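User: I have a protein model open and would like to talk it through. Could we begin with the pockets and then move on to other parts?
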Amino acid sequence: MQNTNSIGRRNFLRLTGITGTAFILGFKPAISNGMPAILNLSGRADLYQLTPYIIIEKSGLITIMNPKPEIGQGTYQSIPALIAEELEVSLDQVTIQSTSGEKGYIDQSVGGSSSVRGNYETLRKVGASARYMLIQAAAGSLKVPASECYADNARIIHKPTGKSLGYGELAEAAAKLKVPDNPALKDPKDFKILGKPDPRLDIPMKVSGKAVFGIDAEVPGMVYASVEHCPVFGSKLLSFDETETLKVKGVQKVVKIQRVMAKNRHDAVAVVADNYWSALQGRKKLKVKWDYLGNDKFNTTDYEKHLRELSKTDGITVHNEGDFEKAFNASDQKLEAFYETPVVSHSPIEPMNGLAHWREDDKVEIWTSSQGADLIKNQVSEALNIPEDRIIPHVLFSGGSFGRRLLSDFASEAAMISHAVGKPVKVIWTREDDTQLGPFRPMTFSAMKGALSPDGKVIAFQHKVISPSIEATMNESYDKSKADGTMVEGINEQKYEFPNMKNSYIYADIYIPLYYWRAVTSTTLAFAHECFIDEMAIKAKKNPLNFRLEHMTKDSDAKRVLTRLREFSGWDKPLPEGWGRGVAQYEFFAGLAAHVVEVSKQPGNGIKVEKVYCVIDLGTVVNPDNTNAQVEGSIVMGITAAVKDGITFENGMSKQTNFHNSPILRINEMPKVEVLILAEGGPVIKGVGEPGLPPVAPALCNAIFDATGTRIRRLPVDLKNIIKT
């Protein structure tokens, strides 16, 4: 039994008030009509406190609290699985319930592929602590040594006699025991859940329509709002005329608000109506006057020229090893290349939305799709200038995010409008809003230089990044004299052994808001980095995969992954005539993966992506089925960003408005995918959601070169028109 809704924060904190690895035994969360209900647990004689993650009723019903939102990446199952494994219960024996920003939990946000890798041992200890306490309680009840008891299938069993007690029978006694500081964890060889393929529990709800997404949220008495934002960022609202808008049937009011994203505050006008259709039609009849403040002169063509001019400067050095200039100048085999990647939109399938109720007690209750309850509390607090403890978030299922829902601007809009009209308000963005209003993944240019020794070894390597800064567009106090680490993500982490290497960053100012896209700038930098490695291999007249391994003489995860990829992909086997293959790997904060992409020449100048092989290095895997799905999703996004139109600007606004001119990969364009998961233990656990994305574009473009001789240095590439040079 599963539910994505949350315990009412007020009652939860009043009743628990504890921190650390604690859980509660003795009550069941209240849910009403699929939405969270405020609990009233005063006077409950069966309420026993141990830790906030696990709730066990006397009847034996078990609830596991999940602090990590489900945005499609599988945390709805993977996080409770960590607890359930050690608690010795199966996931079909528990109810999964999302937290709402209450104290006493781990960080309640998702991003950076960190949910499992950042909490693997911590959450296992939660389950192990409960198991230990239940065993102690059972031993006391049966008057036997605890060492003779073990947990299995939600029961504690006395091994010599076979006598057993259910968890519900032991809840009261267990609640009186001290939570162990360092409980013993299970040996991985005894795992029943972790590492085993297991159907995701959220999928049946989603395909049946029972799952509650943010866009589905409803509360009594709510109204709807559609918000008119200026498509030219940074503009000032001069005036608006709502005369014709108020004539639309169902429209109630028009209010001025602000869209708030960190340092960015943009004027906007909200149309409030009985239903969404009326709100949207009323918005279309608004007459709004803006002062663009000169920002309407911005366009992609000029900005790209600006980046190319900046590339001629030195920038800020972010890594310096050996003497690059001396080695480069002394070589007779030099290589230079310039790589360009576009702006892209996040465009999750579920548009931005938020339902907010500014209540009579001056607290703000919010239901939405988000990457974190604590993010909502923090950002809405800043946007509204009210204390966090007055904000009550409810995080529902999300129809995708890819970093977009790390921001809560849409939730703040709903709260502002609710305060203005005195009613619960549901804001829904259109697809055009989502596509045009950002924030976006920044365009990133890379100036590459390399030099080879006579025997074809890299003796000098430089990666110069020229781009705007995500941090600068969000943080008022950004220091332009220092490199934004996000914008040089991963380029210093590759395991290639180059004796003379110099990497640098050149900052380019921009007024358009930018933010983290799935795998962030590793998706743009890997394209340049790994394609240039390929260019050097070809200049050295060496096999591209052999060339990479020749520059990894020391043991490393990257060397191990590439070695396994050679065998897994059949790299050394001949391909059909007209086919080509390319390889790429990339290691960054979220993890490590490597791809081989196979393509075939089509009639005319076209290319078809035939197959993608991926080896992903995890250390430990929770659910291999979900890992496969995450890698496949990364490949979809990676190919989309490589071959489909990005976002371009003209007159200060995005030219792209919807999926017709900012498309995603179609099912008939999807190649076959094979995934090899390396989960061979080790001290480091790596992420799943993002590492499969950065190697896609470079492996694809290296394969195109192998098949056609055409070197791709600018994305997106039109697969229907690859011209051999």
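**A pocket, the fold and two helices**

Analyst: The second largest pocket of this predicted model has a volume of about 440 Å³.

User: Which residues lie nearest the centre of that pocket?

Analyst: Ile-607, Lys-644, Glu-669, Leu-719 and Lys-720 lie nearest the centre, out of 18 residues that line the second largest pocket.

User: And which elements give two or more residues to the lining?

Analyst: Two or more lining residues come from strand 28, residues 607-617, and from helix 16, residues 624-643. Strand 28 provides the largest share of the lining, with four residues.

User: How many of the lining residues are nonpolar, polar or charged?

Analyst: The lining of the second largest pocket has nine nonpolar residues, eight charged residues and one polar residue.

User: Changing topic: how many helices and strands does the protein chain have?

Analyst: There are 17 helices and 31 strands in the protein chain. The C-alpha atoms fill a box of roughly 80 × 75 × 50 Å along the principal axes.

User: What does the radius of gyration say about the protein chain?

Analyst: The protein chain has a radius of gyration of 28 Å, which agrees with the value near 27 Å for a compact globule, because that value is the one for 725 residues. Buried residues make up 61% of the 725 residues.

User: What share of the contacts joins residues 24 or more positions apart?

Analyst: Among contacts with a separation of 6 or more, 77% are between residues 24 or more positions apart.

User: Now Ser-412. Is that residue buried or exposed, and why?

Analyst: Ser-412 has 1% relative accessibility and therefore counts as buried, since the cut-off for buried is under 20%. Ser-412 is part of helix 10, which covers residues 409-421.

User: What does Ser-412 touch, leaving out residues up to four places away in sequence?

Analyst: With those residues not counted, Ser-412 touches Gln-379, Val-380, Ala-383 and Leu-384. Separately, the C-alpha atoms of Ser-412 and Ile-376 are separated by 8.5 Å, and these two residues are 36 residues apart along the chain.

User: Last topic, helix 3. How many residues does helix 3 have, and how far does it reach?

Analyst: Helix 3, residues 120-142, has 23 residues and reaches 33 Å from its first C-alpha to its last. That span is close to the 33 Å expected at 1.5 Å a residue.

User: What comes just after helix 3?

Analyst: Just after helix 3, Lys-143 takes a positive phi of about 55°.

Notes. Residues are numbered from 1 along each chain as its sequence is written. This is a predicted model: local features need pLDDT of at least 70, side-chain atom pairs count only at pLDDT 80 or more; totals for chains, interfaces and linings use all residues. Side-chain values use heavy atoms; hydrogens and water are left out. The expected span of a helix is 1.5 Å times one less than its number of residues. On a 1 Å grid over the protein atoms alone, a cavity is a set of points where a 1.4 Å probe fits but cannot get out, and a pocket is an open set with protein on both sides within 12 Å along at least five of seven lines; lining residues have an atom within 4 Å of a point. Grid points are joined across faces, edges and corners, and a volume is the space filled by probe spheres set on the points. Ala, Val, Leu, Ile, Met, Phe, Trp, Tyr, Cys and Pro count as nonpolar, Asp, Glu, Lys and Arg as charged, and the others, Gly among them, as polar. The radius of gyration is taken over C-alpha atoms; the globule rule is 2.2 Å times the number of residues to the power 0.38. Buried means under 20% relative accessible area, exposed over 50%, partly exposed in between (1.4 Å probe, protein chains only). Contact means heavy atoms within 4.5 Å.
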